[in-house]
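The following exercises ask the reader to work through a protein model, from its overall form to single residues. Please examine the sequence and the structure before reading the solutions.

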Amino acid sequence: MKAVLSKETGGPETLVVEDIDAPTPAKGEVLVKVAACAINFPDTLIIRDMYQFKPPRPFAPGGEISGTIEALGEGVEGFAVGDRVMCGIGNGGLQEKVAVAAERLFKVPEGIDLVKASALLMTYGTTIHGLKDRGDIKEGETVLVLGAAGGVGLSAVELAKAYGCRVVAAVSTEEKGAVARQHGADEVVIYPRAPFDKDTSKQLASDFKAAVGPNGADIVYDIVGGDYSEPALRAIAWEGRFLVIGFPAGIAKMPLNLTLLKSCDIRGVFWGAFTAREPERNQRNIEELFDLWKAGKINPLVSETYPIERAHEAIAKLENRGAIGKLVVTME
């Protein structure tokens with residue numbers, strides 16, 4: 001079978017496509033014939049040895065897949081050969097077949113495309129956990145989303161609207177702003193490219209404040225970090241919740257006096273750890289996502305698909321912050 005392999009530390013250009021032996025499912029595992037593997041920010045880090053987890057080389061990146069069960073390992077119950085499934089696996093998704101622990105699988109309902117299903121878990125799973133479990137989202141609140149045109153950002157726009165909130169989408173270009181509006185954003189702020197001097201940071205804070213309104217943002221959903229975080233914090237509401245999702249622009253240094261002045265919280269959102277610690281709550285969240293999808297309230301945007309031979313291009317585009325929605329590698 002074909003696999004995209006990281007054999008040395010480096011960027012997307014170091015990845016190679018090779019034929020390797022297909023895995024055999026062990027006890028409690030299933031063999032999934034991969035239909036699609038969505039590309040996420042951790043894929044850009046793991047090949048550079050910059051992620052929390054460092055698998056031994058050679059390994060295939062790709063932490064989010066969909067496909068069809070081809071074989072069952074010993075002791076697997078609740079699944080059958082031919083079932084359509086999706087799962088998060090950390091790494092190993094950029095290959096044509098993968099052995100996965102059955103407990104990590106979710107069945108894909110009929111009528112939902114497998115390519116789009118591959119783009120659901122990490123983005124919408126992170127966001128439903130962030131907004132509900134960590135953000136205590138309530139109907140009628142205002143939500144400011146940074147990086148609102150990427151996969152996670154659009155999931156935040158859609159879910160916040162599904163929960164009855166007003167959404168301000170912060171993006172880097174007019175094109176991305178138009179996409180955010182198409183997915184439900186009420187207002188759009190176009191921010192400049194960092195690094196910022198004091199005047200630029202102050203102006204961006206003013207732009208955020210004008211967009212969210214005089215009461216401020218009840219929730220700030222920060223996917224970007226870096227110089228963008230402090231201006232967003234300055235636009236937060238009294239007792240608002242600042243949710244830390246990721247930091248492709250760097251880890252922000254936040255002035256903690258602002259948390260006192262606004263009586264606000266800064267809360268981390270680590271969905272991967274949540275799924276391991278509280279699998280039942282995560283299962284309920286994923287079931288809710290499928291209900292919202294069926295009701296037409298969310299619809300993952302797959303903007304581009306790539307064959308496995310061009311997987312490195314998808315990772316490079318995401319790394320360069322050129323992606324809108326999700327980029328997905330398809331196996332057929």
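Five exercises follow, each with a worked solution.

The model is a predicted one, in which local features need pLDDT of at least 70 and side-chain atom pairs count only at pLDDT 80 or more, while totals for chains, interfaces and linings use all residues. Residues are numbered from 1 along each chain as its sequence is written, and side-chain values use heavy atoms, with hydrogens and water left out.

**Exercise 1. Overall form**

Describe the secondary structure, the dimensions and the surface of the protein chain.

Step 1. The protein chain holds 11 helices and 15 strands; helices (H or I, at least four residues) and strands (E, at least two) are DSSP runs, numbered from the N terminus.

Step 2. The radius of gyration, taken over C-alpha atoms, is compared with a globule rule of 2.2 Å times the number of residues to the power 0.38. The value for the protein chain is 20 Å, close to the 20 Å that the rule gives for 332 residues, so the chain is as compact as a globular protein of that length. Along the principal axes, its C-alpha atoms fill a box of roughly 60 × 40 × 35 Å.

Step 3. Of the 332 residues, 53% are buried; buried means under 20% relative accessible area, exposed over 50%, and partly exposed in between (1.4 Å probe, protein chains only). The accessible surface is about 14600 Å², by the Shrake-Rupley method with a 1.4 Å probe. Carbon and sulfur atoms account for 50% of that surface.

**Exercise 2. Domains**

State how the protein chain is divided into domains and how far apart their centres lie.

Step 1. The assignment gives domain 1 (1–118 + 300–328) and domain 2 (122–269); such bounds come from an automatic or database domain assignment.

Step 2. The centres of domain 1 and domain 2, taken over C-alpha atoms, are separated by 29 Å. Their contact (heavy atoms within 4.5 Å) takes 12 residues from domain 1 and 16 residues from domain 2.

Step 3. In the UniProt record, an unreviewed entry, the feature "domain: Enoyl reductase (ER)" is placed at residues 10–329; annotations of this kind may be inferred rather than shown by experiment. In the model, residues 10–329 are 32% helix and 25% strand, and the end C-alpha atoms of this span lie 20 Å apart.

**Exercise 3. The largest nonpolar core**

Identify the elements that give two or more residues to the largest nonpolar core, and explain where this core lies relative to the domains.

Step 1. A nonpolar core is a set of buried Ala, Val, Leu, Ile, Met, Phe, Trp, Tyr and Cys residues joined through side-chain atoms within 4.5 Å. The largest has 42 residues, and Met86, Val145 and Leu159 have the most contacts inside it.

Step 2. The elements giving two or more residues to this core include α3 (121–134), β8 (142–146), α4 (151–162), β9 (166–171) and α10 (279–294). With five residues, α10 gives the most.

Step 3. Both domain 1 and domain 2 give residues to this core, so it lies between them. Apart from this core lies another, of 34 residues, among them Val34, Phe59, Cys87 and Ile315.

Step 4. Beyond its neighbours within four places in sequence, Leu159 is in contact with residues including Tyr124, Ile128, Leu131 and Leu289.

**Exercise 4. Helix α3 and the residue after it**

Determine how many residues of α3 are buried, and characterise Asp136.

Step 1. In α3, 10 of the 14 residues are buried, and the helix is thus mostly covered. Among the buried residues are Leu121, Tyr124, Ile128 and Leu131.

Step 2. Asp136 lies in the loop between α3 and β8. Although not a glycine, Asp136 has a positive phi of about 50 degrees. Its relative accessibility of 34% makes Asp136 partly exposed.

**Exercise 5. Backbone exceptions**

Locate the cis peptide bonds that precede Pro58 and Pro195, and describe Glu239.

Step 1. Most residues other than glycine have a negative phi, and most peptide bonds are trans.

Step 2. The bond from Arg57 to Pro58 is cis, with omega near -5 degrees, and Pro58 sits in the loop between α1 (41–46) and β4 (64–72).

Step 3. The bond from Ala194 to Pro195 is also cis, with omega near 10 degrees; Pro195 belongs to the loop between β10 (187–190) and α6 (198–212).

Step 4. Glu239 is in strand β12 (residues 236–244) and has a positive phi near 60 degrees. With a relative accessible area of 49%, Glu239 is partly exposed.
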